[in-house]
Amino acid sequence: MANISKEEVKHVANLARLAITEAEAEKFAQQLGAITKFAEQLNELDTTNVEPTTHVLPLVNVLREDVAVKGLDREVMMLNVKEQENGLVKVPPIITE
């Protein structure tokens, strides 16, 4: 991986709508270059017999059976409703003309 230039840092900062000075661009270019150089060390590892993983621990999702169950009776539910009309919950309008 090539070193990251000040111009690339300024370009990314512009895309992110960040205002940075010339000194900051130089500093960030050096820091990002050091990070990528450190990350390049991973290319030196022999990973031919290593299984790809997404997590260090073997995790399994535990999902319940998707079974339809009877909900609350309408009459019981409507006891908690402030206003109703024709068996439906009446709410105030949110858009007015």
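# Reading the labels on a predicted chain

Q: What places N86 in a loop, and which elements flank N86?
A: In this predicted model, N86 falls between β1 (84-85) and β2 (88-89), so residue 86 belongs to neither strand run. That puts N86 in the loop joining β1 and β2.

Q: How do you know whether N86 is buried or exposed?
A: Put the value next to the cut-off: exposed means over 50% relative accessible area. N86 comes out at 74%, so N86 is called exposed.

Q: What makes the phi of N86 worth a remark?
A: Most residues other than glycine have a negative phi. N86 is not a glycine, yet its phi is positive, at about 55°.

Q: Which value of phi does R17 have, and where does R17 lie?
A: R17 is a residue other than glycine with a positive phi, near 60°. R17 lies in the loop between α1 (6-15) and α2.

Q: Why is R17 called exposed?
A: Its relative accessibility is 72%, and exposed starts over 50%, so R17 gets that label.

Q: What makes Q31 "partly exposed"?
A: The label covers what lies between buried, under 20%, and exposed, over 50%. Q31 has a relative accessible area of 39%, so Q31 lands in that middle band. As for its place, Q31 lies in helix α2.

Q: How far apart are Q31 and L45, in sequence and in space?
A: They are 14 residues apart in sequence, and their C-alpha atoms are 23 Å apart.

Q: How do you know whether D46 is buried or exposed, and where is D46?
A: D46 sits in the loop between α2 (22-40) and α3 (74-78). Its relative accessibility is 63%, which clears the 50% cut-off, so D46 counts as exposed.

Q: What is it that joins the side chains of D46 and T48, and why does it get its name?
A: A polar contact needs an N or O pair within 3.5 Å, one able to donate a hydrogen and the other to accept it. The D46 and T48 side chains are joined at 3.1 Å, so the distance passes and the pair is listed as a polar contact.

Q: What distance separates D46 from K27?
A: Their C-alpha atoms are 33 Å apart, with the two positions 19 residues apart along the chain.

Q: Which elements does the chain have, and in what order?
A: There are 3 helices and 2 strands, running α-α-α-β-β from the N terminus on.

Q: How do you know how spread out the chain is?
A: Set the radius of gyration, 29 Å, against the globule rule, which gives 13 Å for 97 residues. The value is well over the rule, so the chain is more spread out than a compact globule. The C-alpha trace spans about 70 × 50 × 15 Å along its principal axes.

Q: How much of the chain counts as buried, and how much area does the chain expose?
A: Of the 97 residues, 8% count as buried. The exposed area is about 9,800 Å², with carbon and sulfur atoms supplying 58% of it.

Conventions: Residues numbered from 1 in each chain as written. Predicted model: local features only at pLDDT ≥ 70, side-chain atom pairs only at ≥ 80, totals over all residues. Heavy atoms only, no water. Helix = DSSP H or I, 4+ residues; strand = E, 2+ residues; numbered from the N terminus. Rg over C-alpha atoms; globule rule 2.2 N^0.38 Å. Buried < 20%, exposed > 50% of the residue type's maximum accessible area, 1.4 Å probe, protein only. Areas by Shrake-Rupley, 256 points an atom, 1.4 Å probe, with all protein chains shown as cover.
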